[in-house]
Amino acid sequence: MLSGPRSTRRRLAAFAALMLSASLLAGCGEDSGPPMLTWYINPDNGGQGRLADSCAAASNGGYRVDVQVLPNDASQQREQLVRRLAAQDSSIDLMSLDPPFVAEFANAGFLRPFDAGDVGTFTQGVLKGPLATAYWKDQLVAAPFWANTQLLWFRKSVVQAAGVDPAKTGFTWDEMIKAAESQNKVIGVQANRYEGYMVWINALVMSAGGEIIGNTEAGKDATPEIASPAGDTAARIIGGLSRSPAAPPAMLNAGEEEARSAFQGDRGAFMVNWPYVYSAAKEDVASGGIPQSVVDDIGWARYPQVTADQASRPPLGGINLAVGNFTKHPDQAVALVKCVTSLQNNIAYMLDSGNPAARGAAYDDPKVREAFPMADVIRTSINDAGPRPITPYYNDVSTSVQLTWHPSTEVEAPATPKESATFMSDVLQGKRLL
């Protein structure tokens, strides 16, 4: 322990240094300039960071933006945000939120609803699919930023040899499986036990006219509806494909990239996947991974139908922007949302990151149409897409389905949908744990 004049001088020196540090910190803080907004984003290629910079510059000193990158996995993103928001962390001014979690966050009081006067700004011109995910109990609690959907990708040479037209209205999963089998080819899907598998199951159930769960605003008392003719149809398609020669060898562990690899391989015929796969294939050509002839052989169409007389409900993805309910700067945060979600920035972000815009008019931009020759199909698909269940218990619902429908080779109708409904109900009621 120090004592005497030398220790006093040391204490004074340490105090002076502490005061200097405090002064420097204060100089970097909010008292010295515009409010610093913290925007928690999902990982991308840096496009959201660039938008943050341009919006801050455009605010003319109205705000600054600090971007914090969340984990890559959607479930981990949710956990990070929930942990902070449950503690009423005021540093979360804005967040990029996976649409299935909007209801949960809003129901918990984590999101600041937009004022009635701002609703038109955030909804006008937005495609129907993402718009449906932005509300909770008739309040707009999020602003669609970018949206995503899956298309049917096919190899032109294979469909020509099989004598089918995937782009025609009424093209079904059964026709696709039959065509692939006839050419000894495979179909790329996402059947690993993860959220991507839930995306596939939900799309099939909705395309068959059903829902995985109903009466969702009842929370834990919502009604599982997957044990239904629509659920049985989905189970028949998934189980049938998994046990057919058209199943890729690694189908049970396949995510988006594994499906893409199978599709670009020698036995590739069809694939359901997000639009990024087209630019990724071109990048593979540039790196020498595949020849140009593979890209030249790729065609696209709307997500296949379950029945010939009923239009498909393609998968829906994307990101909504939401303002944290504990922010100290709500006006500036809303101003940032307005800037980021404008039509001009929807176009800029789509061209910069490759993520499709939530506003329909973006697809008429000449640069967008040049970069995305399938722009019209993407727009129509997003508009008609079927969202995953909108419920504050989405995580329980999704995990219940993933657990009971995996492995896909054991999926049977009506046994699997029935088991899934019972398990889901028990989990929601707290009778069983995930």
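**Exercise 1. Two strands side by side**

How many bridges join strand 7 to strand 12, and do the two run parallel or antiparallel?

*Solution.* A quick heads-up before we start: this is a predicted model.
- Step 1: Find strand 7 at residues 151-155.
- Step 2: Count its links to strand 12, and you get 4 bridges.
- Step 3: Check the directions: strand 7 and strand 12 run antiparallel.
- Step 4: For one spot along this pair, look at F154, which stands opposite G299 in strand 12.

**Exercise 2. The sheet around them**

Work out the strand order of the open sheet of 4 strands, then find its edges and what lies across it.

*Solution.* Here's some background: strands of a sheet pair through backbone hydrogen bonds, either parallel or antiparallel.
- Step 1: Read off the order, which is 8-11-7-12. The pairing in this open sheet is mixed.
- Step 2: Look for strands that pair on one side only. Those are strand 8 (186-188) and strand 12 (298-301), the edge strands.
- Step 3: Compare the directions of neighbours. Ignoring direction, neighbouring strands of this sheet are turned by 20 degrees against each other on average.
- Step 4: Now add a helix to the picture. Helix 8 (residues 173-182) lies across strand 7, strand 8 and strand 11 (268-273). Its angle to strand 11 is about 150 degrees.

**Exercise 3. Two helices that cross**

Describe how helix 9 and helix 18 are placed, and say which residues meet.

*Solution.* Two packed helices are described by the angle between their axes and the distance between the axes.
- Step 1: Locate the pair: helix 9 covers residues 195-207, and helix 18 covers residues 394-404.
- Step 2: Take the distance. The two axes come within 9 Å.
- Step 3: Take the angle, roughly 85 degrees. Angles of 65 to 115 degrees count as roughly perpendicular, so helix 9 and helix 18 are roughly perpendicular to each other.
- Step 4: List who meets whom. From helix 9 come E195, M198 and I201, and they meet Y394, V397, S398, V401 and Q402 in helix 18.
- Step 5: Sort that contact by class: 5 nonpolar, 2 polar and 1 charged residues.

**Exercise 4. The largest pocket**

What volume does the largest pocket have, and which element gives the largest share of its lining?

*Solution.*
- Step 1: The volume is about 1,200 Å³.
- Step 2: There are 39 lining residues, and N72, A74, D98, E256 and W274 are the closest to the centre of this pocket.
- Step 3: Go through the elements that give two or more residues; among them are helix 3 (74-86), strand 6 (143-149), helix 11 (256-264) and strand 13 (316-323). Helix 9 and helix 18, our crossing pair, are also on that list.
- Step 4: The largest share, 6 residues, comes from helix 18.
- Step 5: By class, the lining has 14 nonpolar, 17 polar and 8 charged residues.

**Exercise 5. The second largest pocket**

Now do the second largest pocket: find its volume and its lining.

*Solution.*
- Step 1: Its volume is about 280 Å³.
- Step 2: Of its 14 lining residues, Y276, S279, E283, S353 and G354 lie nearest the centre.
- Step 3: Helix 12 (276-286) and helix 15 (343-353) each give two or more residues, with helix 12 giving the largest share, 6 residues.
- Step 4: Split the lining by class, and you have 9 nonpolar, 3 polar and 2 charged residues.

**Exercise 6. Closed-off space**

Which residues line the largest cavity?

*Solution.*
- Step 1: The count comes to 3 cavities of 30 Å³ or more.
- Step 2: The largest cavity holds about 70 Å³ of space.
- Step 3: Lining it are P99, P100, A103, T133, L316, P387, R388, P389 and I390.
- Step 4: Sorted by class, that's 7 nonpolar, 1 polar and 1 charged.

Terms used:
Residues are numbered from 1 along each chain as its sequence is written. This is a predicted model: local features need pLDDT of at least 70, side-chain atom pairs count only at pLDDT 80 or more; totals for chains, interfaces and linings use all residues. Side-chain values use heavy atoms; hydrogens and water are left out. Axes are lines fitted to C-alpha atoms, for helices over the stretch in contact, and angles run from 0 to 180 degrees between N-to-C directions. Angles under 35 degrees count as roughly parallel, over 145 as roughly antiparallel, 65 to 115 as roughly perpendicular and the rest as oblique. Contact means heavy atoms within 4.5 Å. Ala, Val, Leu, Ile, Met, Phe, Trp, Tyr, Cys and Pro count as nonpolar, Asp, Glu, Lys and Arg as charged, and the others, Gly among them, as polar. On a 1 Å grid over the protein atoms alone, a cavity is a set of points where a 1.4 Å probe fits but cannot get out, and a pocket is an open set with protein on both sides within 12 Å along at least five of seven lines; lining residues have an atom within 4 Å of a point. Grid points are joined across faces, edges and corners, and a volume is the space filled by probe spheres set on the points. Two strands pair if DSSP finds at least two bridges between them.
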